[in-house]
Amino acid sequence: MPELVDLRSDTVTRPTPEMRRAMADAEVGDDVLGDDPTVNALQDYAAELLGKEAGLFVPTGSMGNQVSLGALTRPGDEVVCDAGAHFLHYEGGSVAAHLGLVMRPLPGSNGVIDAAQVAAAVRPGNDHNPRTAVVAIENTHNSAGGKIFPLDEARAISKVCGERDVKVHLDGARLFNAQAATGIPAREWASCADSMSFCFSKGLGAPIGSMVCSSQEVIKEGRRLRKRLGGGMRQVGVIAAAARVALERGVERLGEDHANARKLAEGLAQLAPEAVDVDGVETNMVYLNLAPFGRQAPEVSDALRAEGVLTIGFPGAAMRLVTHRDVSSSDLDRALDALRRVLA
Ligand code: TLP
């Protein structure tokens, strides 16, 4: 039986031999006490790379968002975001349950909210209203299919927020995909945000870990929130060592994932041009619309699994396919053959 082709997410990659070696060799200490040299070095390295004062290593992207939003707000504050924001839909309601925040989702265009929408949404400071504390943007945007948040728009939002004493958070779980696709350094987007988080465990290919980068003050509060959420880890240098390899080696190969996603989209467009927006594939995700085939994602997903291709079959007619380091170009040929058979 050949290996499965796993298109469920870029989170599924296994650590490389180089990561395993780095993990085995990592110098460690108790990170809750600030003693882990591998974590400390990674936090400094990431902060420098993103142009921020400090970094905080956290176990997941979800915790990165919570720590960031929590450090920038008080319970009862409002967060303005795109209606498809990841933390709104896919993080177990943590922003409400743990932070007590009010969400103000705006209808973005492909995940992109603009400065005029933001300006109109910021509350005037009346006692009746929640305080608009943060505007959050997502780059690349997951539910919009890996869309890149235009840098000009991020700058315009940052300006509007700066004038109104509102903070900006960037959920940059896949920010380095945006860098790889555009050649724009990740720090340019980070410069538009007061806090930002990115994941080592997505396209960069590490097994575990995310990073929050911000000011010293926000990171100090973030450490407390991380502890409160149960994310204070001890000899976590064993994980940070793999994350370091991911950041140093993972970015340069993301272009391959993007080329593979486009190849997949082009192959699918041959089956039904209206089922996929080929030009909309900017990074490593393809959204396949199964409606033209009269099919639903759960049953198509089951049929693909029987063909050795893994996808997530959430209810509905849309199916997300994600490329990553552990999917080669020939794996994609196999996946396309399977999709052709299943959708015939
Ligand atoms: N996204 C996961 C799933 O939760 C859907 C995926 O497979 O894409 N921000 C963004 C934009 C994300 O896409 C994700 C994960 C997170 C935050 C949360 O990261 P984790 O899973 O590490 O908590």
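Which residues lie nearest the centre of the largest pocket? I looked, and they are His86, Tyr90, Asn142, Arg174 and Arg320, out of 30 that line it. A pocket here is an open set of points on a 1 Å grid over the protein atoms alone, where a 1.4 Å probe fits, with protein on both sides within 12 Å along at least five of seven lines; lining residues have an atom within 4 Å of a point.

Before going on, I noted that this is a predicted model, where local features need pLDDT of at least 70, side-chain atom pairs count only at pLDDT 80 or more, and totals for chains, interfaces and linings use all residues. Residues are numbered from 1 along each chain as its sequence is written, and side-chain values use heavy atoms, with hydrogens and water left out.

Back to the largest pocket: I got a volume of about 610 Å³, which is the space filled by probe spheres set on the points. I then checked where it sits: domain 1 (17-249) and domain 2 (253-343) both give residues to its lining, so it lies between them. Those bounds come from an automatic or database domain assignment.

Next I looked at the second largest pocket, which holds about 230 Å³ of space. Among the residues lining it are Glu3, Asp6, Arg14, His324 and Arg334.

Last, I checked two helices (DSSP runs of H or I, at least four residues). The axes of α12 (residues 254-271) and α14 (residues 329-343) come within 10 Å and cross at roughly 25°; axes are lines fitted to C-alpha atoms over the stretch in contact, and angles run from 0 to 180 degrees between N-to-C directions. α12 and α14 are therefore roughly parallel (angles under 35 degrees).

Methods: Angles under 35 degrees count as roughly parallel, over 145 as roughly antiparallel, 65 to 115 as roughly perpendicular and the rest as oblique.
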